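Hi everyone, thanks for coming. Please take a look at the model on the screen, and then we'll walk through it together.

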Amino acid sequence: MTLRRFLRARDHDVGKASVMLLKFVAWRREAVPGGVMPADQVRGELSHDKARMGGFDRAGRPIVFAFPAKHFSANRDMAEHKRFVVYLLDSICARIPRGQEKFLCIVDLKGWGYANCDVRAYIAAIEIMQNYYPERLGKALMVHVPYIFMKAWKMVQPFIDANTKDKFVFIDDKNLEETLKRELDESQLPEMYGGKLTLVPLN
């Protein structure tokens, strides 16, 4: 299944997929030498509660919620940020059930402002995801998006490959309830969106 994901990520070009896979193996050996990213190495990031685990969408994909308004560029350490991205992606991928390969991400930008703008960190996170976790993201729903965020997004977009870019969907506030109910069963709707599901912290 892993080989198939790398092939799909490179439009079934065996040569390109092989190069991508070998880069992944070398990166993984260096980034996660023990095979698992220890929580102790991302304590600073975890303390900000930037992401939480949810239930499953109607397609059976596990859901991760991200809260960029809890990220501040002024106190960000890039090395730990990258480790946190690996920790987060490993955590959500571990929840993917047999027969499913992808996860759903809901990025809630409520409260996001200039103090949270960190283009370098966003690019680093997306590059880790698209280069080393190919075909894992099913869809990223961008909700409560403030107008000023789109300026930052324009700087990030050139670094996102076409396959990944298509998975980012911006939802208007007026369509949020309808969209969430289409993607999630009522039992999987978090409390913050009027449901009863309690989100689970990463740590």
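Let's start where two helices meet: Val-119, Tyr-122, Ile-123 and Ile-126 in H5 touch Phe-149, Ala-152, Trp-153, Met-155 and Val-156 in H6. Contact here means heavy atoms within 4.5 Å, and helices are DSSP runs (H or I, at least four residues) numbered from the N terminus. That contact divides into 9 nonpolar residues, no polar and no charged; nonpolar covers Ala, Val, Leu, Ile, Met, Phe, Trp, Tyr, Cys and Pro, charged covers Asp, Glu, Lys and Arg, and the others, Gly among them, are polar.

A quick word on the source: this is a predicted model, where local features need pLDDT of at least 70 and side-chain atom pairs pLDDT 80 or more, while totals for chains, interfaces and linings use all residues. Residues are numbered from 1 along each chain as its sequence is written, and side-chain values use heavy atoms, leaving out hydrogens and water.

How far apart are the axes of H5 and H6? They lie 10 Å apart, at an angle of about 50°, with axes fitted to C-alpha atoms over the stretch in contact and angles running from 0 to 180 degrees between N-to-C directions. H5 and H6 are therefore oblique to each other, that is, outside the ranges under 35 (roughly parallel), over 145 (roughly antiparallel) and 65 to 115 degrees (roughly perpendicular).

H5 also turns up in the largest pocket, giving the most to its lining, with 5 residues. A pocket is an open set of points on a 1 Å grid over the protein atoms alone, where a 1.4 Å probe fits, with protein on both sides within 12 Å along at least five of seven lines; lining residues have an atom within 4 Å of a point. The lining divides into 8 nonpolar, 1 polar and 4 charged residues.
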